[in-house]
Amino acid sequence: MNLAWETFTIQAKHPFKISRSVQESVERVWVRVTEDGQEGWGEADPSPYYGETAATVGYALERLRPVIESTSVPDFDGLETLERELRAALDQDGSARAAVSAALHDLAGKREGQPLWKLWGLDPAGAPPSSFTIGLDEPAVVRKKVEEAAEYPILKVKLGTDRDEELLSTIADAATPGTVLRVDANGAWTASEAISGWSSSNSHFTRRISTGIGSCTGARPCRSSRTNPALTARMSRDLWAWWTESTSNWPSAADRVRLFA
């Protein structure tokens with residue numbers, strides 16, 4: 001097999017803002033695996049949060065190239081073995097490995113003459129619906145974003161500001177009736193703020209969240225850890241301890257470029 005890639009830029013319709021950053025454009029890496037005139041496609045979405053850039057993806061792909069180009073595309077059942085070899089060659093840089101994996105699966109499906117959902121024995125009608133993300137912005141712009149996303153049944157709402165309740169209220173008011181709302185503060189909330197958000201002392205905020213997560217409805221409020229703040233706090237502390245320990249040794253994007261060079 002042969003491995004090739006190129007970087008391209010996507011311009012956002014609206015600047016995408018979350019609690020820790022704002023993006024007007026993003027770089028992606030288009031990955032292609034070819035053999036015998038057939039081509040499989042994948043796409044890497046490098047995340048600066050994990051120390052990834054388009055440059056680090058390129059270096060990662062160079063590390064993966066020998067594994068790819070020393071073998072032929074396996075049959076569908078053999079992809080798992082190849083995936084283990086790729087992970088052994090490069091354990092980090094998940095976006096690069098995900099792009100290669102997607103390209104390999106795409107190529108394997110084309111060789112089999114079947115879409116991947118059939119090879120996996122799945123039914124597309126049973127796939128869980130995805131969400132459409134509403135980034136942070138001024139209330140008038142947020143309202144416009146929600147109106148533009150009217151066709152999506154689930155909205156993931158970015159929060160993590162001192163105006164969270166106002167933004168959530170704007171979105172709930174502008175959303176199509178029946179739209180499910182999910183919230184994502186991108187790590188901007190502390191454990192105590194998260195508990196406060198679920199507290200019954202803030203009935204408006206709690207009602208909006210409890211009607212928008214999982215299978216909760218207005219008629220059947222969520223059963224959540226807001227009924228047990230101590231449990232929520234302990235889970236938050238445990239998760240934070242795990243997160244800081246697991247990420248503390250990750251090198252920066254610049255360091256990783258030097259490591260690969």
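This report describes two β-sheets, the helices packed on them and one pocket in a predicted model.

Residues are numbered from 1 along each chain as its sequence is written. In this predicted model, local features need pLDDT of at least 70, side-chain atom pairs count only at pLDDT 80 or more, totals for chains, interfaces and linings use all residues, and side-chain values use heavy atoms, with hydrogens and water left out.

**The antiparallel sheet**

Helices (H or I, at least four residues) and strands (E, at least two) are DSSP runs, numbered from the N terminus. Strands are taken as paired if DSSP finds at least two bridges between them. Three strands form an open antiparallel sheet in the order β1-β2-β3. Its edge strands are β1 and β3, each of which pairs on one side only. From one strand to the next, the twist averages 20 degrees. Angles run from 0 to 180 degrees between N-to-C directions, and axes are lines fitted to C-alpha atoms, for helices over the stretch in contact.

Helix α3 (residues 94-112) packs on this sheet and touches β2 and β3, where contact means heavy atoms within 4.5 Å. The direction of α3 makes about 155 degrees with that of β3.

β1 and β2 (residues 21-35) run antiparallel and are joined by 13 bridges, and a hairpin connects these two strands through two residues. β2 also pairs with β3 (residues 38-44) in the antiparallel sense, over seven bridges. The hairpin of β2 and β3 has two residues between the strands, and D36 in that hairpin takes a positive phi near 50 degrees. Residue pairs that stand opposite one another in this sheet include those tabulated here.

| Residue | Partner | Strand of partner |
|---|---|---|
| N2 | T34 | β2 |
| A4 | R32 | β2 |
| I10 | V26 | β2 |
| R32 | W41 | β3 |
| V33 | G40 | β3 |

R32 thus appears in two rows, opposite A4 and opposite W41. In a regular strand the side chains alternate between the two faces of the sheet.

**The parallel sheet**

A second open sheet has three strands in the order β4-β5-β6, with parallel pairing. Because β4 and β6 (180-184) stand at the edges with a single partner strand each, one side of each is left without a neighbour in the sheet. Neighbouring strands of this sheet are turned by 30 degrees against each other on average, direction ignored. Five bridges join β5 (residues 154-158) to β6 in parallel, and V157 stands opposite V183 in β6.

Helix α6 lies across β4, β5 and β6 and runs at about 160 degrees to β6.

**Packing of α5 and α6**

Two packed helices are described by the angle between their axes and the distance between the axes. For α5 and α6 (residues 164-174), the angle is about 35 degrees and the axes are 9 Å apart. The crossing of α5 past α6 is right-handed, that is, the near helix is turned clockwise from the far one by less than a right angle. On the α5 side the contact is made by P139, V142, R143 and V146, which meet E166, L167, T170, I171, D173 and A174 of α6. By class, this contact has six nonpolar, one polar and three charged residues. Ala, Val, Leu, Ile, Met, Phe, Trp, Tyr, Cys and Pro count as nonpolar, Asp, Glu, Lys and Arg as charged, and the others, Gly among them, as polar.

**The second largest pocket**

On a 1 Å grid over the protein atoms alone, a pocket is an open set of points where a 1.4 Å probe fits, with protein on both sides within 12 Å along at least five of seven lines; lining residues have an atom within 4 Å of a point. The second largest pocket holds about 240 Å³ of space, the volume being the space filled by probe spheres set on the points, which are joined across faces, edges and corners.

The lining of this pocket consists of A12, K13, H14, P15, F16, F132, T133, G135, K145, E148, A149 and Y152. At least two lining residues come from each of β1 (2-18), β4 (132-134) and α5 (139-148). β1 gives the most, with five residues. The lining divides into six nonpolar, three polar and three charged residues.
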